Amino acid sequence: MNLEKEKLLEMYRKMLEIRHFEEKAFELYGQNLVPGTLHLYAGQEAVAVGVCANLRKDDYITSTHRGHGHCIAKGAQLDRIMAEILGKKTGYCKGKGGSMHIADFSVGMLGATAVVGAGIPIASGAGLSIKLRGTDQVVACFFGEGASNQGTFHEGINMAAIWTLPVVFVCENNLYAMGTRQTNVMLIENVAERAVAYGIPGVTVDGNDVLAVYEAAHEAVKRARESRGPTLIECKTYRHKGHSRFDPATYRPKEEVEEWLKKDSVQRFKAKLLEMKILTETEVDKIEQDVIAAVEKAAKFAIDSPCPAPEEALEDVCA
Ligand SMILES: Cc1ncc(C[n+]2csc(CCOP(=O)(O)OP(=O)(O)O)c2C)c(N)n1
């Protein structure tokens, strides 16, 4: 697929933003600045970026507990995401949601959720809303292979299939649900095989190759926009860190981690852009320095922001 230089650079920059943002969040957690825990997206950047590069601002996404990357890829602001993670008043949910509850309706980010699999029926609901309103918007729904064993997966996808809803279901298969290996809980190798049960297309792609993800999502988004119904895309990938900030991930064999680190999506895309002569080494450094500066600025904004006042605790509460 021939993409313009500008588009490729935008995708590379977004992947770098996610990588550096997650490294910074990890660092701030170590300084006791993050209430609660963190589920870092580092390693899976190619999925969020490859999918969201096909979306318009008025398209929607639903996210998961591992959602910072989805927010960044869909165009949410680094400073307000970081502020939310630090529980600050300037965050997307006024500091009352934290890392797992970030939403930004202004860019179509319908929200992250701590409930595994909960984003799937929400995506189908958003798809139904699009259909009833008669627009040509699309929803991309991110979830893990662990979530694909929840009842919500069956219900949400089946409903989207029978009603021909404009949803792209994106399974980020990082091989583990917390410490549980996929092979211990599934007899099939590819989650995409489950698409057959719903009568929709299912494809498995290398989730560490941003261009492969882009291409699969391009086809699926086109299909959804033309009212031809949903697709299930499975992206094989790997998280760099443990499940959450608490998890040293000792259940993963050292050799397996090393193998996957060699397939790192950011490094691979950089090598590809250099090989295609889209970028020079000097430009690579420049982009990286710009991104690091933007992330530092976001972190400073978050650190310097005030906490919500105790009396605000009951504001914005639905009861
Ligand atoms: C309904 C529900 N069950 C269990 C949990 C506990 N839990 C949190 S994350 C997680 C694993 C999810 O794995 P997966 O969907 O593959 O996403 P990943 O963490 O690999 O990105 C579990 C079991 C939860 N939050 N919600």
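Is Cys-235 buried or exposed? In this predicted model, Cys-235 is buried, and its relative accessible area is 1%. The closest cysteine sulfur to that of Cys-235 belongs to Cys-171 and lies 8.0 Å away, which is too far for a bond. A second cysteine, Cys-93, is partly exposed, with a relative accessibility of 24%. Its closest cysteine sulfur is that of Cys-71, at 9.2 Å, and here too the separation is too far for a bond. A disulfide is a covalent bond between the sulfur atoms of two cysteines. For a pair of cysteines to be counted as a disulfide, the two sulfur atoms must be within 2.5 Å. The structure as a whole holds 0 disulfides.

The pockets were examined next. Rolling a probe the size of a water molecule over the atoms shows where empty space is left. The largest pocket has a volume of about 400 Å³. Its lining consists of 30 residues, and those nearest the centre are His-65, Val-116, Gly-144, Ala-147 and His-243. By residue type, the lining of the largest pocket comprises 13 nonpolar, 13 polar and 4 charged residues. At least two lining residues each are supplied by helix 5 (119-133), strand 2 (139-144) and strand 4 (176-177). Strand 2 provides the largest share, with 3 residues.

The second largest pocket has a volume of about 190 Å³. It is lined by 13 residues, with Glu-10, Cys-52, Ala-53, Leu-55 and Ala-73 closest to the centre. Two or more residues of this lining come from each of helix 1 (5-30), helix 2 (45-52) and helix 3 (68-74). The largest share, 4 residues, is that of helix 1. In the lining of the second largest pocket, 6 residues are nonpolar, 1 is polar and 6 are charged.

Helix 2, one of the elements that line the second largest pocket, is mostly covered, with 8 of its 8 residues buried. The buried residues of helix 2 are Glu-45, Ala-46, Val-47, Ala-48, Val-49, Gly-50, Val-51 and Cys-52. Cys-52 also belongs to the group of residues closest to the centre of the second largest pocket.

The surroundings of the ligand were then considered. The ligand is surrounded by 15 residues, of which His-65, Arg-66, Ala-114, Gly-146 and Asn-174 are the closest. Three of these residues have polar side-chain atoms for which distances to ligand oxygen atoms are available. For His-65, a polar side-chain atom is placed 2.8 Å from an oxygen atom of the ligand. For Arg-66, a polar side-chain atom likewise lies 2.8 Å from a ligand oxygen atom. In the case of Asn-174, an N or O atom of the side chain is 2.9 Å from an oxygen atom of the ligand. His-65 is also listed among the residues nearest the centre of the largest pocket.

Several residues outside the helices and strands were also characterised. Asn-208 is located in the loop between strand 6 (202-206) and helix 8 (210-225). Asn-208 is buried, its relative accessible area being 2%. Its side chain forms a polar contact of 2.7 Å with the side chain of Thr-237. Phe-105, in the loop that connects helix 4 (78-85) and helix 5, is exposed, with a relative accessible area of 63%. Phe-105 and Asp-58 are 47 residues apart along the chain, and their C-alpha atoms are separated by 9.2 Å.

Backbone geometry was considered last. Most residues other than glycine have a negative phi, and most peptide bonds are trans. Ala-249 is not a glycine, yet it has a positive phi of about 55°. This residue occupies the loop between strand 7 (231-236) and helix 9 (254-262). Because its relative accessible area is 8%, and the limit for a buried residue is under 20%, Ala-249 is classed as buried. Asp-316, also not a glycine, has a positive phi of about 60°. Asp-316 lies in the segment after helix 11 (281-304). With a relative accessibility of 60%, Asp-316 counts as exposed, whereas Ala-249 is buried.

Note on methods: Residues numbered from 1 in each chain as written. Predicted model: local features only at pLDDT ≥ 70, side-chain atom pairs only at ≥ 80, totals over all residues. Heavy atoms only, no water. Buried < 20%, exposed > 50% of the residue type's maximum accessible area, 1.4 Å probe, protein only. 1 Å grid on protein atoms, 1.4 Å probe; cavity = no way out; pocket = protein on both sides within 12 Å on 5 of 7 lines; lining within 4 Å. Points joined across faces, edges and corners; volume = space filled by probe spheres on them. Nonpolar A, V, L, I, M, F, W, Y, C, P; charged D, E, K, R; others polar. Near = heavy atom within 4 Å. Polar contact = N/O pair within 3.5 Å; in protein donor to acceptor, adjacent residues only side chain to side chain.
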